[in-house]
Amino acid sequence: MSRHRTSRAAEALAAAVLLALTAACGSRLPESDFEHDDRSPAPTRSAREPIRVGIVTSATSPVGGNVFTGPRDGAKAWFDRLNARGGIDGRRVEARLCDDGGSGVGNNECVRRLIDEEKVVALVATTALDYAGAPRVSRAGVPDVGGQPIGAAYDTYPHLYGVHGSEAPRNGTPGWDGKLYGGTEVYRYFKREHGARTAAVVSYNQAASAAYARLVERGLRAEGYQVVTEQVDFALPDFRAVAADLKQQGADLVFDAIDGHGNARLCRAMDDVGAQVTAKVTNVQNWASTVAEDYKEAPHCRNALWATGSSRNYEDTGHPAVRAFRDATEGLETHSQWQLEGWAAARWFTDAAESCAPTGITRACVDAHVGRARGYTAGGLLLPVSFRPSPEPPATGRACLSVARWRDGEGWVSQGDMNRTCFTVPRLAYEP
């Protein structure tokens, strides 16, 4: 039975919504992580030329600095460590970074420069607010490996491989006839594991926020929840009134379609009025070590924060692949789940390139290797990733979840095995 993460599409929409809202306002790595193909011929002078890859990031954008840089930093850390071990088949990997400024014009320029001038073999860990250059990447046959699906590009174009996989035909039209599908596994999890029955959804009176809130509401109702809807004014939000109503309604869970700053203010208001919930559920974007600072004025709500995603918790240092990531990034001021996913994307490219080394590391070879993925995990960092297209969107799907909750003094604590926290759930359509 397929383990495709049906929540991936909904998470992508959540990311796009939150970003749009904001815009509107040490140790050695295990040798096994860097195995080389012993069948490769001895490197010639030309073979020792660097392998160029491109990393496109909206490092400066209307949403502010550091929002998108996690995947870039994780990928760069992988390549730095890889090069220290000798690169791929004796060749260094040169990561050419490009900041698109968060605009479509800037993204197109990054894509043009990296593909036409830098002649990169692939793009890796793309994280773009407006991936306007996606059609050009696809037409050029350049594999884009392990990008973050902020928009619909990774469910639209061939040669683009999002970090969480896709079942969509990817024939130039988003999803299936312009519709994407999200599952209800997150809601099923809290219902099954924690007995949650009442859930609140908080949104702004803004189109993108309200649209995402409606999708969440549909999913909750499909799982049998009593749903409490709360909407606040985007310009002058009264979070205290929302918090008071959450307390009165006895909500077990709180989901939202608001930005990070708004979430922190909502949490503070919940603490102020004594509104305590089983879980204040957030997404992979906020799965980071900055929680203690971001929510410093809301200790009770902070310790009710839960995050769900499709990759292994970056705090799980008992796992060798996570420990390798943490060892290589120990110099970073903060850590995040997006950094780990960028590291996984770079490892994915490396695995593909090493498989191509005997015959030549070309765009076509890397693309073919990644496109054949059937359950790729980056050494256990990702839930199994595949790109087997489905002609029709299944009415249901089996989906697995990585779940963690924040605990002061411990950080993000994993809740069970992500490969066993799985559900067969309905899939709901939405338009990107």
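Here are some notes on a few parts of this predicted model, from a small sheet to the nonpolar cores.

1. Start with the small sheet. Three strands make it up, running in the order E6-E17-E14, and the sheet is open with antiparallel pairing. Strand E6 (180-183) and strand E14 (396-400) sit at the edges, each pairing on one side only. On average, neighbouring strands here are turned by 45 degrees against each other, direction ignored.

2. Next, the pairing of E14 with E17. Strand E17 covers residues 422-430, and five bridges link it to E14 in the antiparallel sense. If you want a spot to look at, find Arg398, which stands opposite Thr424 in E17.

3. What packs on this sheet? Helix H5 (residues 185-194) does, and it touches E6, E14 and E17. The direction of H5 makes about 140 degrees with that of E17.

4. Now for a helix pair. Two packed helices are described by the angle between their axes and the distance between the axes. For helix H11 (residues 320-328) and helix H12 (residues 337-356), the angle is about 105 degrees and the axes are 11 Å apart. Angles of 65 to 115 degrees count as roughly perpendicular, so H11 is roughly perpendicular to H12.

5. Which residues meet where H11 packs against H12? From H11 come Ala321, Val322, Ala324, Phe325 and Ala328, and from H12 come Gln339, Leu340, Trp343 and Arg347. Sorted by type, the contact has seven nonpolar residues, one polar and one charged.

6. On to the nonpolar cores. In soluble globular proteins, nonpolar side chains tend to be buried together. In this model the largest nonpolar core has 78 residues, and those with the most contacts inside it are Phe79, Val124, Met270, Phe349, Ile361 and Trp412. H12 turns up again here: it gives the most to this core, with eleven residues.

7. Ile361 is worth a look of its own. Leaving out residues up to four places away in sequence, Ile361 touches Ile51, Ile88, Arg91, Val121, Ala353, Cys356 and Val366. Apart from the core that holds Ile361 lies another one, of 27 residues, including Val201, Leu215, Val403 and Phe423.

8. Last, a glycine. Gly274 is in the loop between helix H8 (260-273) and strand E10 (279-282). Is Gly274 buried, partly exposed or exposed? Its relative accessible area is 35%; buried means under 20% and exposed means over 50%, so Gly274 counts as partly exposed. Gly274 and Cys301 are 27 residues apart in sequence, and their C-alpha atoms are 9.5 Å apart in space.

Note on methods
Residues numbered from 1 in each chain as written. Predicted model: local features only at pLDDT ≥ 70, side-chain atom pairs only at ≥ 80, totals over all residues. Heavy atoms only, no water. Pairing = 2+ DSSP bridges. Helix = DSSP H or I, 4+ residues; strand = E, 2+ residues; numbered from the N terminus. Axes fitted to C-alpha atoms, helices over the stretch in contact; angles between N-to-C directions. Contact = heavy atoms within 4.5 Å. Parallel < 35°, antiparallel > 145°, perpendicular 65-115°, else oblique. Nonpolar A, V, L, I, M, F, W, Y, C, P; charged D, E, K, R; others polar. Core = buried A, V, L, I, M, F, W, Y, C linked by side-chain atoms within 4.5 Å. Buried < 20%, exposed > 50% of the residue type's maximum accessible area, 1.4 Å probe, protein only.
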